[in-house]
Every structure is written in structure tokens, then in C-alpha cells.
Amino acid sequence: MLAVNYSTIRNKLEDYCDKATDENETIIVTRKDEKNVVIISLDKYNDLIRAARNAEYLDKIDKSMEQIRQGKVVRKTIEELEAMTNE
């Protein structure tokens, strides 16, 4: 992970973009008033988004498992389910 001030990154943006994509580097661009930003490759960004989505799904599964343990379930036969879709 690199931390670079705004003036430096502005003068060498292409070099730092190449570091992000070619070397999988994370670049923190430091700015006034703590308005910092991060430059990462699109691949790394997509991985982060995918991981966040997976965490959301795992949380839903955990909540569902807890509901099952607490007996908060509704049982339906196949026929009842099919009837619900035909309504």
C-alpha cells in the first residue's frame, strides 16, 4: 500500500495507475482536510464487491438458521406451494 500526496499523483497519474493494475498496488491519495481517496484496479474493486455480497448472503443464511433453531418456520406441502404460485 502506498500513500501519495495529491500533487505527486497528479504529475505521475499514469505511473500510479500502472502500479495499481500491473502490481496490484493500493494507492492512497492524501488530500487536504482528510478528503483522501484510494486508487485500486478494477479487478481488486470487483473482488471487494463480490466479497461484500457474499458476506450479505452469509448473514442472511445465519439469520435463517437461527430462525429454524427457534422454531420460527412455516411448513408447506408441495401442493400448497404450487397452489400459491398459481394464484
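Aspartate 59 and lysine 63 form a salt bridge in this predicted model, with their closest N and O atoms 3.4 Å apart. The two residues are separated by about one helical turn, because they stand four residues apart in helix H3. Aspartate 59 is partly exposed, at a relative accessible area of 36%, whereas lysine 63 is exposed, at 52%. Side chains of opposite charge can pair when their charged atoms come close.

A search of the whole structure finds three salt bridges, and the other pairs can be followed along the helix in the same way. Arginine 50 is joined to aspartate 47 by a salt bridge whose closest N and O atoms are 2.9 Å apart; both residues belong to helix H3 and are three residues apart, about one turn of the helix. Arginine 50 counts as partly exposed, with 47% relative accessibility, and aspartate 47 also counts as partly exposed, with 45%. Further along, glutamate 66 forms a salt bridge with arginine 69, and here the closest N and O atoms are 3.3 Å apart. This pair, too, lies in helix H3 with a spacing of three residues, about one turn of the helix. Glutamate 66 is partly exposed at 34% relative accessibility, while arginine 69 is exposed, with a relative accessible area of 59%.

Helix H3 itself covers residues 42-69, and alanine 51, which is one of its residues, offers a way to follow its course. From alanine 51 to methionine 65 there are 14 residues in sequence, and the C-alpha atoms of the two are 21 Å apart in space. Alanine 51 is partly exposed, with a relative accessible area of 44%.

The overall form of the chain can be considered next. The chain contains four helices and three strands, and from the N terminus on its elements follow the order β-α-α-β-β-α-α. Its C-alpha trace spans about 70 × 25 × 25 Å along the principal axes, and its radius of gyration is 24 Å, where a compact globule of 87 residues would have one near 12 Å. Buried residues account for 10% of the 87 residues in the chain. Of the contacts between residues at least 6 apart in sequence, 27% join residues at least 24 apart.

Where, then, do nonpolar side chains gather? The largest nonpolar core has six residues in all, namely Val4, Ile9, Tyr16, Ala20, Ile27 and Val29, and the elements that give two or more residues to this core are H2 and S2. In soluble globular proteins, nonpolar side chains tend to be buried together. Within the core, isoleucine 9 is in contact with Val4, Tyr16, Ile27 and Val29, and also with Ile39, when its neighbours within four places in sequence are left aside.

Glutamate 25 lies in the loop between helix H2 (13-22) and strand S2 (27-30). This residue is buried yet has no salt bridge, and since a salt bridge requires a side-chain nitrogen of Lys or Arg within 4 Å of a carboxyl oxygen, it is useful to ask how far away the nearest side chain of opposite charge is. That side chain belongs to lysine 19, and it is 6.3 Å away. The side chain of glutamate 25 does reach the backbone nitrogen of methionine 1, at 2.7 Å. Apart from neighbours within four places in sequence, the contacts of glutamate 25 are Met1, Leu2, Lys19, Ala20, Ile39, Ile40 and Lys44.

Notes. Residues numbered from 1 in each chain as written. Predicted model: local features only at pLDDT ≥ 70, side-chain atom pairs only at ≥ 80, totals over all residues. Heavy atoms only, no water. Buried < 20%, exposed > 50% of the residue type's maximum accessible area, 1.4 Å probe, protein only. Lys, Arg positive; Asp, Glu negative; His and termini not counted. Polar contact = N/O pair within 3.5 Å; in protein donor to acceptor, adjacent residues only side chain to side chain. Contact = heavy atoms within 4.5 Å. Core = buried A, V, L, I, M, F, W, Y, C linked by side-chain atoms within 4.5 Å. Rg over C-alpha atoms; globule rule 2.2 N^0.38 Å.
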